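How might a reader who is new to a protein model find a way into it? The explanation below takes one part at a time, with the sequence and the structure alongside.

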Amino acid sequence: MKRLLNILLLVFISAPIYSQTYLTSEVIEKAEFHLKKAVGEDLFYFFKLDPDSYYEYKSRTGKTRWENINKGKKTKGNFVNGESIRFILYHPEFPYLYVNKRISVQLASDLSLKSEINLDRIPKFLLEGRKSDWLNENQLDKIIKNQGLKKSVKNPIKRLEFDNNERKYYWMVFNTLYEEKCYSDEELLHIDPVTGQVLKHYEERYYVMHCH
């Protein structure tokens, strides 16, 4: 009888743990709270929830599952973490296309902050509440023109890139020297967006994936 009571007591204590669910709105609000604290209220205004954000949970059978945070009013199963609750930055001073502007807020099972929010992808002038100190397009074009690039088959293409090792942005300039269906020969520049310093200048052949 005593053993049965112990088992029932264990089940009673464990039940809340294994049925830990939240309102999805609560999870989002907690993530927003942590992000606002990290970037400040003014900059937070320019963030929107990534519709593809998801959370991790365990089913009744103990299997790990993932679910979109926007699906359903409540989280499923036993909430493990919200490791992919992401927010996208839409700021008029940082309008560049094809750049990953997602900031991830990693939540623990109790919705506390699991790890410090990585803000490396947010330019310093935004974090510090300043106007952009980046080169404008005309200034950038003048720098490119002064590099004595080789004769190309089309106008140079500029693309903003992020260096994960250096944790900073740079402009990548593609000067196409030769182009076929499946590959192109490129003269490439890496330019610092603030100082205009040419960080790299080299040539490389690019192949088109799945080209037949």
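What follows goes from a helix to the nonpolar core, then to a second helix, the aromatic rings and a single strand residue. The model is a predicted one, and this should be kept in mind throughout.

A convenient place to begin is helix 2, which runs over residues 24-39. With 16 residues at 1.5 Å a residue, helix 2 should span 22 Å, and the 23 Å between its end C-alpha atoms agrees with this. Its buried residues are T24, V27, I28, A31, H34, L35 and V39, and because they cover an arc of only 125° around the axis, they lie on the same side of helix 2. An α-helix has 3.6 residues a turn, so residues three or four places apart point the same way. On the other side of helix 2, E29 and K37 are exposed. The partners against which the buried residues of helix 2 pack include helix 3 (41-44), strand 1 (47-49) and strand 4 (78-89), and strand 5 (102-107) and helix 4 (124-127) are also among them. After helix 2 comes G40, which has a positive phi, near 95°.

From helix 2 the path leads to the nonpolar core. In soluble globular proteins, nonpolar side chains tend to be buried together. The largest nonpolar core of this model has 39 residues, and those with the most contacts inside it are V27, L35, V39, F47, F94, I122 and I191. Helix 2 gives the most to this core, with five residues. For V39, leaving aside neighbours within four places in sequence, the residues in contact are F44, F47, L119, I122 and L127.

Helix 5 (residues 137-145) can be read in a similar manner, for its buried residues are L140, I143 and I144. Since these cover an arc of only 100° around the axis, they are placed on the same side of helix 5, whereas the face turned away from that buried side carries the exposed residues N138, K142 and K145. The cover over the buried residues of helix 5 includes strand 6 (157-163), strand 7, strand 8 (183-191) and strand 9.

Strands 7 and 9 also bring us to the aromatic rings, of which the model has 15 pairs. The rings of F174 and Y206 have centres 5.8 Å apart and planes at 70°, and because an angle over 60 degrees counts as edge-to-face, this pair is edge-to-face. The pair links distant parts of the chain, with F174 in strand 7 (residues 168-179) and Y206 in strand 9 (residues 198-207), 32 residues apart. F174 counts as buried, at 9% relative accessibility, while Y206 counts as partly exposed, at 28%. Elsewhere, ring pairs join F94, Y96, F125, W134, F162, Y169 and W171 into a cluster. The charged end of K101 sits over the ring of F94, 5.0 Å from its centre, and K30 lies over the face of F33, at 6.0 Å from the ring centre.

A last stop is N68, which lies in strand 3 (residues 64-68) and counts as partly exposed at 25% relative accessibility. Leaving aside neighbours within four places in sequence, N68 is in contact with P51, D52, S53, Y54 and Y55. N68 and E32 are 36 residues apart in sequence, and their C-alpha atoms are 16 Å apart in space.

Note on methods. Residues numbered from 1 in each chain as written. Predicted model: local features only at pLDDT ≥ 70, side-chain atom pairs only at ≥ 80, totals over all residues. Heavy atoms only, no water. Phe/Tyr/Trp six-rings, centres within 6.5 Å; stacked < 30°, edge-to-face > 60°. Helix = DSSP H or I, 4+ residues; strand = E, 2+ residues; numbered from the N terminus. Buried < 20%, exposed > 50% of the residue type's maximum accessible area, 1.4 Å probe, protein only. Lys NZ or Arg CZ within 6 Å of the ring centre and 35° of its normal. Core = buried A, V, L, I, M, F, W, Y, C linked by side-chain atoms within 4.5 Å. Contact = heavy atoms within 4.5 Å. Expected span 1.5 Å × (residues − 1). Arc of directions from axis to C-beta.
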